[in-house]
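Colleague: I have this model open in my viewer and would love some guidance. Please pick a single part of it and take me through that part closely.

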Amino acid sequence: MDEMTIKMIIAICYVVFAPLIGGLLDGIGRQISARMQRRVGPPLLQPFYDLGKLLHKDPIHVSPSQNFLMLTYLFFVILTGGMIFLGMDLLLAMFLLSTAVMFLYFAAVVTGSHYSAIGAGRELLQMVAYEPCVLLTCVAFYVVSGSFETADIISGNISPIAYMPGVFVAFVFILTIKMRKSPFDISTSHHPNQEIVKGITSEIGAKNLAVYTLAEWYETVFLMGMVAMFVINKNPWSILAAVLTAFVVYFLEILIDNSSARVKSELMIKLSWTVTLVAAGGNLLVLMFMFG
Amino acid sequence: MYKITRSPWVMHYDGSSCNGCDIEVLACLTPVYDAERFGIINTGDPMQADILLITGSINTQNAPVVKQIYSQMSDPKVVVAVGVCACTGGVFKDCYNILGGADQVIPVDVYVPGCAARPQAIIDGIVKGIGVFQERLEKLENGTLKQEEKEDTEEKKEED
């Protein structure tokens, strides 16, 4: 098989299986959360039941442009993940992700609802909080492997995490912001009745909410893929270690989600920038001296 | 035919009441009763809700609010009246500002009695509501739901 066919197969596998894995991770997350609260919790396939229901509800939207904006958001999120899993440019993928979030922002502000407008504003603040760390992560990968291409990053002799533990810590920290989990679930919350209703998703209902959920699942999968990228090296066994690492990180996110209350946006930015500067920035300085 | 029996998202509104039922609704979500076992989620957003849970009676001030919440919900939708106040107006029935139960302003599908309604009864009411929800969904897909709604509103207009 030539390289093109393999890439096509990977792309199709990603588009088909990523939402399945993302949905299952969501279901596992909800069950673990329930057990942490001494509840039985919903069935494992609950996220899929929810998605099925949302798809069957009568379409409802405040502005017709919302449908287009949400679909574009989903498209760009899929494209971002596709680029990462196809071994393409990491930096470009991260810029695409920012573009995707812009479409989500517009989908929220076109409605004219105060709640979704505040949620959308907070989503931008969240971007401000995590974007420096995402860029430093890309730069650190470049310094270590000499390339922005994910295919080159994962084919080193030693796992990148050995050189960049500080960057890894910072990346896991901002993952909580990116995945909108407590204490940084300030733009929207998985839990109801918060002070801004559902924040950025307030005016997103029925099919559009299904699109949002799907995008969230794709996002979870490629974010976990990025976590795995820290561990994978030339040795095929490292993939197993990477999957385990991704699971541990996901469990950690759920643990943090369940054991903390939402913080103010100012504190979020201060915290994330401090962690980014100290852990990722410090690590990057050391790397620059090492690799000159 | 798609079966939706496991994902009822609830929007809770408390009208004119002593807040007893209000607290019992929240009790359903606690680890003791764990309504999420049935996929029940208490969402604060009418656009994302399937079931409107009303506690407390309707007065002249909250009538337009209830109507608006109901109109913002996407079809198919179900209304569950929880507690005797939401069913009939209850102990407040003869007050000067009370219109009566929730069915005075919007169509109610399931009535859950009690003062206050017990969490078991509330969960039972929501599960009954899922049956109605499934029926509506089938009608929505056949295209008969909108027509019936239209006829209902026309009948109501004639009555007025």
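Modeller: Happily; what follows is a walk through strand 3 of chain B and the sheet around it.

First, some housekeeping. Residues are numbered from 1 along each chain as its sequence is written, and chains are lettered from A and ligands numbered from 1 in the order in which they are written. The model is predicted, so local features need pLDDT of at least 70, side-chain atom pairs count only at pLDDT 80 or more, and totals for chains, interfaces and linings use all residues. For chain B, the average pLDDT (the predictor's confidence in each residue, from 0 to 100) is 86, and 94% of the residues score at least 70. The complex as a whole is given an ipTM of 0.86 and a pTM of 0.90 by the predictor.

Now the sheet. Five strands of chain B (DSSP runs of E, at least two residues, numbered from the N terminus) form an open sheet. Their order is 2-1-3-5-7, with parallel pairing. Strand 2 (41-42) and strand 7 (110-112) are the edges, each pairing on one side only. Two strands count as a pair if DSSP finds at least two bridges between them.

Which strands flank strand 3 of chain B in the order 2-1-3-5-7? Strand 1 is on one side and strand 5 on the other. Strand 1 (residues 9-14) runs parallel to strand 3 and is joined to it by five bridges; in one of them, Y13(B) has I54(B) as its partner. Strand 5 (residues 78-82) also pairs with strand 3 in the parallel sense, over five bridges. Here you can find I51(B) opposite V78(B), and L52(B) opposite V79(B).

Is strand 3 of chain B buried or exposed? Strand 3 (residues 51-55) has five of its five residues buried, so it is largely enclosed by the rest of the structure. Buried here means that 20 or more other C-beta atoms, placed from the backbone, lie within 10 Å of the residue's own. Both faces are covered: I51(B), L53(B) and T55(B) point to one side, while L52(B) and I54(B) are on the other.

Its neighbour, strand 5 of chain B, is mostly covered too, with five of its five residues buried. On one face you will see V78(B), V80(B) and V82(B); V79(B) and A81(B) occupy the other. Moving on from strand 5, three bridges lead to strand 7, again running parallel. Among the partners, A81(B) is matched with Y111(B) and V82(B) with V112(B).

To place this among the nonpolar cores (sets of buried Ala, Val, Leu, Ile, Met, Phe, Trp, Tyr and Cys residues joined through C-beta atoms within 7 Å), start with the largest one. That core has 82 residues, including Y73(A), L104(A), A107(A) and Y218(A). Helix 8 of chain A gives the most to it, with 17 residues. A second, separate core of 38 residues includes C87(B), I98(B), V110(B) and I130(B). V110(B) is worth picking out in your viewer: it belongs to this second core and lies in edge strand 7 of chain B.

So, to retrace the route, begin at strand 1, step across five bridges to strand 3, cross five bridges to strand 5, and finish over three bridges at strand 7.

Note on methods: A residue is buried if 20 or more other C-beta atoms lie within 10 Å of its own, exposed if 12 or fewer, and partly exposed in between; C-beta atoms are placed from the backbone. Helices (H or I, at least four residues) and strands (E, at least two) are DSSP runs, numbered from the N terminus.
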